[in-house]
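Student: I'd like to go through the pockets in this protein. Can we start with the smaller of the two you picked?
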Amino acid sequence: MIEVKKKYRSKKAAERISLVVIYAILIAISVVWLIPFFMLIVLSFRGEQVGMSADYLLPKQWSFNNYIKLFTQTKFLRWYANTMIVSVAVTIVQTIIVLMTSYALSRLRFKMRKPLMNIMLILGMFPGFLSMTAVYFVLKEINLTQNLLGLILVFTASSAMQYYICKGFFDTIPKSLDEAARIDGANRHQIFVKIILPLAKPIIIYTILTAFIAPWGEFMFSSFIMLGDPDKFTVAVGMKSWLDNSTLASEYFTVFCAAAVVVSIPITALFIWLQKYYVEGVTGGSVKG
């Protein structure tokens, strides 16, 4: 009996040691990961205008002047509004397309269902920027370059190919619910809207978050399509225009840091607020369909 207790105590001690080591490693990783964000916030409040050439980190003078200059002396608000318009429009359209496509592939059985799913999955493996030149000339032919609508079309054109996580979640919802509703006289639209969607809140939140995040920080397509018109820039493209030797060596470096902080606020707030549903959506949709 005494030996059993000793083994139990030694096992518990080993578990505590392993937990301490794991937590220590996680804390160290978190600190390293958070250092750039801490530096960004600190630099955005630097009052002295020394650009990026300063050999110290903490400001000698704390000030909100960088934020005041950001909103009053630059086109940041216009860029921010452009980005918000594109992100919200893409989020609405892409969420509707993904949910409808995923429900159809989860519930309906038709001849080309599996080949269609495989084709979309394979095409989704190729990066979108491979088609950037072709997309630009197509938009140019229909006069949608330097136009927010053209950017929205680019981001929503391949929405259906993002069906796999959402479809996996719909597969976990019992089909008996659909059958019972059909017996009661409900059609496919009523089943989808009144039965499936209320049960799919986590995957809806996941789809909304992923749809919003993608255009919010996207640079390559935005810079290619909006090239030459600063009033149509998104925040990523507009802030990139500040990144040359002359502006980085001047006071615009700290203004750039302030802009980066402002840009990160919506994404951070959304993720913190909805992270529970985001995790549930990912784990619930990661099943074999």
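Tutor: Sure. Keep in mind that this is a predicted model. The second largest pocket is lined by Trp 33, Leu 34, Phe 37, Leu 40, Ile 41, Val 261, Ser 264, Ile 265 and Thr 268.

Student: Which elements give two or more residues to that lining?
Tutor: Helix H1 (2-44) and helix H14 (252-285).

Student: Which one gives the most?
Tutor: H1 does, with 5 residues.

Student: How many of the lining residues are nonpolar, polar or charged?
Tutor: In the second largest pocket, 7 are nonpolar and 2 are polar. No charged residues line it.

Student: And how much space lies in there?
Tutor: About 280 Å³.

Student: OK, new topic. What volume does the largest pocket have?
Tutor: About 730 Å³. Its lining has 28 residues.

Student: Which of them are the closest to its centre?
Tutor: Gly 128, Val 154, Phe 155, Ser 158 and Gln 162.

Student: Which helices should I look at for this one?
Tutor: These elements each give two or more residues to the lining of the largest pocket: helix H3 (76-107), helix H4 (113-123), helix H5 (132-141), helix H6 (148-156) and helix H10 (201-217).

Student: Where does the largest share come from?
Tutor: From H10, which gives 4 residues to the lining of the largest pocket.

Student: How does that lining split by class?
Tutor: The largest pocket has 20 nonpolar, 7 polar and 1 charged residues in its lining.

Key. Residues are numbered from 1 along each chain as its sequence is written. This is a predicted model: local features need pLDDT of at least 70, side-chain atom pairs count only at pLDDT 80 or more; totals for chains, interfaces and linings use all residues. Side-chain values use heavy atoms; hydrogens and water are left out. On a 1 Å grid over the protein atoms alone, a cavity is a set of points where a 1.4 Å probe fits but cannot get out, and a pocket is an open set with protein on both sides within 12 Å along at least five of seven lines; lining residues have an atom within 4 Å of a point. Grid points are joined across faces, edges and corners, and a volume is the space filled by probe spheres set on the points. Ala, Val, Leu, Ile, Met, Phe, Trp, Tyr, Cys and Pro count as nonpolar, Asp, Glu, Lys and Arg as charged, and the others, Gly among them, as polar.
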